[in-house]
Amino acid sequence: MDQSSEIINVLLSYEVINQEQLDSAAAKIEEVAAKQQEQNQGLETRDQTVSRLSVEEALVQLNFITWEHVAAALSQISGIPYVKLESYELNEELVTKIPEKLAKRHNLIAIQQDEDKLVVAITNPNNIAALDDISLMLGFYVEAVIAPRD
């Protein structure tokens, strides 16, 4: 089972969403795909960009869930702690240790540092490459915690 399916199963089991909302999300995904296909007609293959809307994105766009719901479900699945960034007093010096371009590309932010450990809030803790890059760049062990996308 893929991660998206696992997240949806958690959201369904906790009754955060119901089957009707899931069906609405599926319809939204098809609608977006059809619009993209229509926009891409007549373009050469190399010019076509297809980005499939995820079920989670569709549920958020339809206001059935928030990114916090997704992060909490992902935390339950992975066993990686979930944090609310509002509860952290972000230190500009710490935040800027990670180049802004890298932080934006991978949806992450440094939130805490001990002597040899950097805690990074990230939307996708499975992005091991990004965490490894930060560890190599800064010389710290990097511990990931999950934070909502927004």
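**Helix H4, its cover and the salt bridges**

Helix H1 (3-13), helix H3 (55-61) and strand S3 are among the elements that cover the buried residues of helix H4. Helices (H or I, at least four residues) and strands (E, at least two) are taken here as DSSP runs, numbered from the N terminus; contact means heavy atoms within 4.5 Å. A residue is called buried at under 20% relative accessible area, exposed at over 50% and partly exposed in between (1.4 Å probe, protein chains only).

The model is a predicted one, so to speak of local features takes a pLDDT of at least 70, and side-chain atom pairs count only at pLDDT 80 or more, while totals for chains, interfaces and linings use all residues. Residues are numbered from 1 along each chain as its sequence is written, and side-chain values use heavy atoms, with hydrogens and water left out. Mean pLDDT (the predictor's confidence in each residue, from 0 to 100) is 91 for the protein chain, with 93% of its residues at 70 or more. Helix H2 (residues 19-40) is where confidence is lowest, with a mean of 91, and strand S3 (residues 141-146) is where it is highest, at 97.

Back to H4 itself. Its twelve residues, 67-78, reach 16 Å from the first C-alpha to the last. That is close to the expected 16 Å, the expected span being 1.5 Å times one less than the number of residues. Trp-67, Val-70, Ala-71, Ala-73, Leu-74 and Ser-75 are the buried residues in this helix. Right after H4 comes Gly-79, with a positive phi near 80°.

Trp-67 also has a charge for company: the charged end of Arg-149 sits over its ring, 4.0 Å from the centre. The rule for this is that NZ of Lys or CZ of Arg lies within 6 Å of the ring centre and within 35 degrees of the ring normal. Arg-149 has a second partner, Glu-57, in a salt bridge whose closest N and O atoms are 3.2 Å apart. This pair ties together distant parts of the chain, with Arg-149 in the segment after S3 and Glu-57 in helix H3, 92 residues apart. Both ends are partly exposed, Arg-149 at 42% relative accessibility and Glu-57 at 21%.

Salt bridges (a side-chain nitrogen of Lys or Arg within 4 Å of a carboxyl oxygen of Asp or Glu) number seven in the structure. Another of them joins the side chains of Glu-31 and Lys-35, at 3.5 Å from N to O. These two residues are four apart in helix H2, so about one helical turn separates them. Glu-31 has a relative accessible area of 41% and therefore ranks as partly exposed. Asp-114 and Lys-117 form a further bridge through their side chains, at 3.8 Å, N to O. Shared partners bring Glu-143 in as well, and the salt bridges link Asp-114, Lys-117 and Glu-143 into one network. Asp-114 is partly exposed at 36% relative accessibility, as is Lys-117, with a relative accessible area of 22%.

Aromatic pairs are a shorter story, as the count comes to zero. The rule asks for ring centres of Phe, Tyr and Trp (its six-membered ring) within 6.5 Å, with planes under 30 degrees apart counted as stacked, over 60 as edge-to-face and the rest as tilted.

Two buried residues give a view of other parts of the chain. Ile-111, in strand S1 (residues 108-113), is buried at a relative accessible area of 6%. Not counting residues up to four places away in sequence, Ile-111 touches Val-83, Leu-85, Tyr-88, Leu-90, Leu-94, Val-119, Ala-121 and Val-145. Ala-58 belongs to helix H3 and is buried too, at 0% relative accessibility. With neighbours within four places set aside, Ala-58 is in contact with Ala-25, Lys-28, Ile-29 and Leu-53. The C-alpha atoms of Ile-111 and Ala-58 are 29 Å apart, with their positions 53 residues apart along the chain. From Ala-58 to Ala-121, 63 residues along the chain, the C-alpha separation is 23 Å.

Positive phi values also turn up outside glycine. Glu-15, in the loop between H1 and H2, has a phi near 60° and is exposed, with a relative accessible area of 69%. Asn-63, in the loop between H3 and H4, likewise has a positive phi near 60°, and its relative accessible area of 68% makes Asn-63 exposed.
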